[in-house]
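Let's take a walk through this protein together, beginning with a charged pair and then stepping back to the whole chain. Have the sequence and the 3D view at hand as you read.

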Amino acid sequence: MHYLLGTDIGTSGTKTILADTSGNVVAQDLQEYDVLTPKPLWAEQWPEVWLEAAKTSIKNTVRKAGIPAEKIHGIAISGLYGGSGVPLGDNMEPVRPCMIWMDRRAEEETKWVLDRIGEEKLLEITHNGADPYYGYTKILWMKHHEPENWRKTKLFLPPNDYVIYKLTGNIAIDYSSAGNIGGIFDMNTRTWSQEMMDAMGIPLSMMPENLVESTDIVGGLTKAAADELGLCEGMPVIAGGIDCGAANIGLGVLEPGVYAAAIGTSMCAAFISDQPLKRKDLIVWPYLYDAKKLSYYFAGGATAGAIVKWFRQTLCQFELEAEKAGGKNAYDVLNEQAAQIPAGSEGLIVLPYFMGERSPIWDSDAKGTIVGLSLAHTKAHIYRAFLEAVAYSLREAMEATGENLGEYILIAGGVTKSKLWRQIFADVTGYPVVCPVHDVEANMGDVMLAGIGTGLLSYEDVKKWPVLDEKVMPNPQHREKYNGYYEVYKSVYQHLKQDMKTLTKLS
């Protein structure tokens, strides 16, 4: 039997799995960490945190599996969207923390690009618009606000590609990571746009020259890395790509025509297409499979699982202490309580805009909001309203695509552990929901990419893997009730939009 590794570097943790070539998971390990938020709407991380978490999770997984190193034939590494990428100096060491996708500081740079270049030109070349979400606006922020760091920086590398460099000594960037930087990547030719880089004053030399498919082998493990991880020197390391794309691969999405939402810390609700679309309300980059032909179009929330984690950490000390003392998992307790609350949380609406919002509303000033509270409401009501808020956000993202979504939607990510949340997604969207059997979707996608990259697996092989669970069908009565709440959800934002901007100025 042959085995493969898949490592996913996430926003709040790095996870590795080891699986055989039939898709059976043998072992896994998760290493958690935090995001640095030194100012409101800032979000950054030191890359050494990702590197150490990746090495520890790989090493632990190999140890837990007990599989001889010579039977493990490759690893693919996916990662969060690293925004600016890791700014690296002459000695390939980080100059400053990486400004990740969640960071919204580059508002002035976004306006600068729109005034200088224009939205029409951006869409024509990059198929994307302008927003602080994109990596190129964050790079411009660094240029404008940190000139000393800018002078020191010689290269920007996304999180997964930085870790791959540290393990192999080779520099490359996969097409999905390059495309997600936005404004300086030409989606028509799948190359860096010299025209856009000249217009923005970003040297071409700051971008990796070696653009690769997510199934390409970037290099082999160095002896030092192999010895540390318990693997064989020279074991192939495959490029991987953006984690939400890897999650889609892990759900078996290898061709157009399927709508899938990867919901972890954030949410990416996407469809795959072989037809070029240029729409400022969606984000687009080359897909992780067949990147020269297929594109990944998505809308989605900047905070999804993040707001539920915030709720647990901020408002649920009793449940957390009980869990630490050997009691039930805090999330399980909250879900059991919320399941007793009627659909609609008896009049509560939550806006999940805890870090501004990206597609489809593109508003850095959007705020997290709870509307409808009364003395009759309990913690369980509010918790359920948080779950419903993410489902409303998914429905809005689905409507923004304007595409034929098919007969059901795929949902992957930590949210699928909750049966209640699965049902809420089905009820709010009105679509049957299908989730993966195991909570390893991005990692499973990495294993598939590693298998295809090393030649141990083919497209036809991975299509046969039993990765999906049974459908969760919508409850028609709940669906009807949620239709009314969803209209209020959209209306609340429109009514408060200007007040939210005022709050930003006041704070």
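**Charged pairs and the fold around them**

A good place to start in this predicted model is the salt bridge between R96 and E44, where the closest N and O atoms are 3.4 Å apart. R96 sits in the loop between β6 (86–88) and β7 (98–99), while E44 belongs to strand β4 (residues 44–45), so the pair ties together parts that are 52 residues apart in sequence. Are these two residues buried or exposed? R96 is buried, with a relative accessible area of 6%, and E44 is buried too, at 8%. The cut-off behind that word is a relative accessible area under 20%.

Now follow the loop between β6 and β7 to E93, which forms a salt bridge with K166; here the closest N and O atoms are 3.0 Å apart. This pair links distant parts of the chain, because E93 lies in that loop and K166 lies in helix α6 (residues 159–168), 73 residues apart. E93 counts as partly exposed at 33% relative accessibility, and K166 counts as partly exposed at 28%.

A further pair is made by D103 and R105, whose side chains meet in a salt bridge with an N to O distance of 2.7 Å. D103 is buried, its relative accessible area being 0%, and R105 is buried at 9%. Which residues are joined through shared salt-bridge partners? E44, R96, D103, R105 and E146 form one network of this kind, which brings us back to the pair we began with. As a general point, side chains of opposite charge can pair when their charged atoms come close. A search of the whole structure finds 21 salt bridges. Across the chain there are 47 positive and 63 negative side chains, and the centres of these two sets lie 2 Å apart.

Let's step back to the overall fold. The chain's secondary structure comes to 18 helices and 22 strands. Its radius of gyration is 22 Å, close to the 23 Å that the globule rule gives for 507 residues, so the chain is as compact as a globular protein of that length. If you like to picture a container, the C-alpha atoms fill a box of roughly 65 × 55 × 45 Å along the principal axes. Buried residues make up 60% of the 507 residues. Among the contacts with a separation of 6 or more, 72% are between residues 24 or more positions apart. On the outside, the accessible surface comes to about 19300 Å², and carbon and sulfur atoms account for 51% of that surface.

Finally, some details of the backbone are worth a look. Where is there a cis peptide bond? One joins S359 and P360, with omega at about 5 degrees. P360 lies in the loop between β19 (349–352) and β20 (368–371). W362 is also found in the loop between β19 and β20, and W362 has a positive phi of about 50 degrees although it is not a glycine. Elsewhere, H127 is a residue other than glycine with a positive phi, near 65 degrees. H127 lies in the loop between α3 (119–126) and α4 (135–145), and at 3% relative accessibility H127 counts as buried.

Definitions and conventions: Residues are numbered from 1 along each chain as its sequence is written. This is a predicted model: local features need pLDDT of at least 70, side-chain atom pairs count only at pLDDT 80 or more; totals for chains, interfaces and linings use all residues. Side-chain values use heavy atoms; hydrogens and water are left out. Helices (H or I, at least four residues) and strands (E, at least two) are DSSP runs, numbered from the N terminus. The radius of gyration is taken over C-alpha atoms; the globule rule is 2.2 Å times the number of residues to the power 0.38. Buried means under 20% relative accessible area, exposed over 50%, partly exposed in between (1.4 Å probe, protein chains only). Contact means heavy atoms within 4.5 Å. Accessible areas come from the Shrake-Rupley method with a 1.4 Å probe; for residues, only the protein chains shown count as cover. Lys and Arg count as positive and Asp and Glu as negative; His and the chain ends are not counted. The place of a charge is taken as NZ of Lys, CZ of Arg, CG of Asp or CD of Glu. A salt bridge is a side-chain nitrogen of Lys or Arg within 4 Å of a carboxyl oxygen of Asp or Glu.
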